Amino acid sequence: MNAQQNFIGVGIYTIPEAAWMAGVSASRIRRWMRGYKFRLGDKIHISQPIWTPDLPNIDNTSALSFRDLIEIRFVDYFLKQGVSWNMLRKAAIFASKEVKSSHPFSTRKFKTDGKRIFAEMGEQHAGKKLLDLVKKQYAIHAVVAPYLYEGLEFEGDEPKRWFPLRNSKRVIIDPAVAFGQPTINPEGVPTLVLAHAFDAEKDFDRVAHWYNVPRKSVQDAINYQQQRAA
């Protein structure tokens with residue numbers, strides 16, 4: 001993607017913004033996306049990036065897309081489930097070729113049992129199989145269905161929008177709305193704007209009236225901002 005391309009529908013986030021929204025530290029995101037050097041014995045080794053960001057730097061600042069944001073959540077999930085870093089890296093290389101995507105994990109093809117990463121292969125009508133991405137063998141295995149599929153809406157296998165509050169669709173992260181910033185659905189008012197207005201007024205009904213949104217939307221906007229701050 002070149003710097004002249006229209007960013008509408010892509011989503012734009014700084015690394016600190018992505019860290020805040022995904023619940024992953026900014027330093028980890030930088031290591032995953034830029035790679036890093038480390039010493040092992042007397043030798044310096046280089047750990048390559050797991051994937052390449054969609055966007056170029058903007059004003060000399062790293063810019064991430066909505067797909068980058070979702071990829072961060074998936075990688076973080078796999079690591080928390082116990083998948084080793086070495087296995088994750090091997091799986092990423094094979095997965096990017098298999099699904100023909102620079103962001104292979106942020107699809108709904110992938111699952112884990114806490115030790116391995118599997119991809120669902122084949123067509124739905126023919127019966128899907130689980131492929132071990134490292135051993136490249138099909139397997140029958142009980143897998144953990146990632147919680148992070150909850151709240152994601154897909155078109156085909158690709159995520160298109162994210163509802164980050166459990167059991168609510170009032171807060172939405174949609175790259176086609178407000179450049180992917182969290183907003184109230186469907187009015188499109190940023191959650192941060194509603195939270196700041198409430199901080200000033202301490203009155204749900206007054207803020208709801210000002211921005212022409214339901215009272216519950218103001219409450220959910222504040223809940224979202226507080227959850228992420230925590």
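**Exercise 1. The β7–β8 pair.** How many bridges join strand β7 to strand β8, and in which relative direction do the two strands run?

*Solution.* The model is a predicted one, in which local features need pLDDT of at least 70 and side-chain atom pairs count only at pLDDT 80 or more, while totals for chains, interfaces and linings use all residues. Residues are numbered from 1 along each chain as its sequence is written, and side-chain values use heavy atoms, with hydrogens and water left out.

Begin with the elements: helices (H or I, at least four residues) and strands (E, at least two) are DSSP runs, numbered from the N terminus. Strand β7 covers residues 152-155 and strand β8 residues 158-162; they run antiparallel and are joined by 4 bridges. Two strands are taken as paired if DSSP finds at least two bridges between them. Within this pair, Glu153 has Arg161 of β8 as its bridge partner. The connection is a hairpin with 2 residues between the strands, and Gly156 in the turn has a positive phi of about 70°.

**Exercise 2. Salt bridges around the hairpin.** Identify the partner of Asp174 in a salt bridge, and state which parts of the chain the pair ties together.

*Solution.* The criterion is a side-chain nitrogen of Lys or Arg within 4 Å of a carboxyl oxygen of Asp or Glu; the structure holds 13 such salt bridges. Asp174 meets the side chain of Arg161 at 3.4 Å, N to O. Asp174 lies in the loop between β9 and β10 whereas Arg161 belongs to strand β8, so the pair ties together parts that are 13 residues apart in sequence.

For accessibility, buried means under 20% relative accessible area, exposed over 50% and partly exposed in between (1.4 Å probe, protein chains only). Asp174, with a relative accessible area of 10%, is therefore buried. Salt bridges with shared partners join Glu153, Glu155, Arg161, Lys169 and Asp174 into one network.

Two further salt bridges can be examined in turn. Glu150 and Arg166 meet at 3.4 Å, N to O; Glu150 is in the loop between β6 (137-139) and β7 and Arg166 in the loop between β8 and β9, so this pair ties together parts that are 16 residues apart in sequence. Here Glu150 is partly exposed at 49%, and Arg166 is exposed at 61%. Lys160 and Glu158 form the other one, with their closest N and O atoms 3.9 Å apart.

**Exercise 3. Aromatic pairs.** Classify the pair of Trp20 and Tyr224 by its geometry, and locate both residues.

*Solution.* Rings of Phe, Tyr and Trp (its six-membered ring) pair if their centres lie within 6.5 Å; planes under 30 degrees apart count as stacked, over 60 as edge-to-face and the rest as tilted. The structure holds 5 aromatic pairs. One of them joins Trp20 and Tyr224, with 5.7 Å centre to centre and 90° between the planes, and is edge-to-face. The pair links distant parts of the chain, since Trp20 is in helix α1 (residues 15-22) and Tyr224 in helix α7 (residues 215-229), 204 residues apart. Trp20 is partly exposed at 29% relative accessibility, whereas Tyr224 is buried at 2%.

Tyr36 and Phe38 form a tilted pair, with 6.0 Å centre to centre and 50° between the planes. Tyr36 is buried at 19%, and Phe38 is partly exposed at 33%. The charged end of Arg31 sits over the ring of Tyr36, 3.8 Å from its centre; the test is that NZ of Lys or CZ of Arg is within 6 Å of the ring centre and within 35 degrees of the ring normal.

**Exercise 4. Backbone details in the loops.** Determine where Pro186, Phe179 and Asn212 lie, and describe the backbone of each.

*Solution.* Pro186 lies in the loop between β10 (183-184) and α5 (191-201), and the peptide bond that leads to it from Asn185 is cis, with omega near 10°. Phe179 is in the loop between β9 (171-172) and β10; although it is not a glycine, its phi is positive, about 55°, and its relative accessible area of 46% makes it partly exposed. Asn212, in the loop between α6 (204-211) and α7, also has a positive phi, near 55°, and is exposed at 66%.
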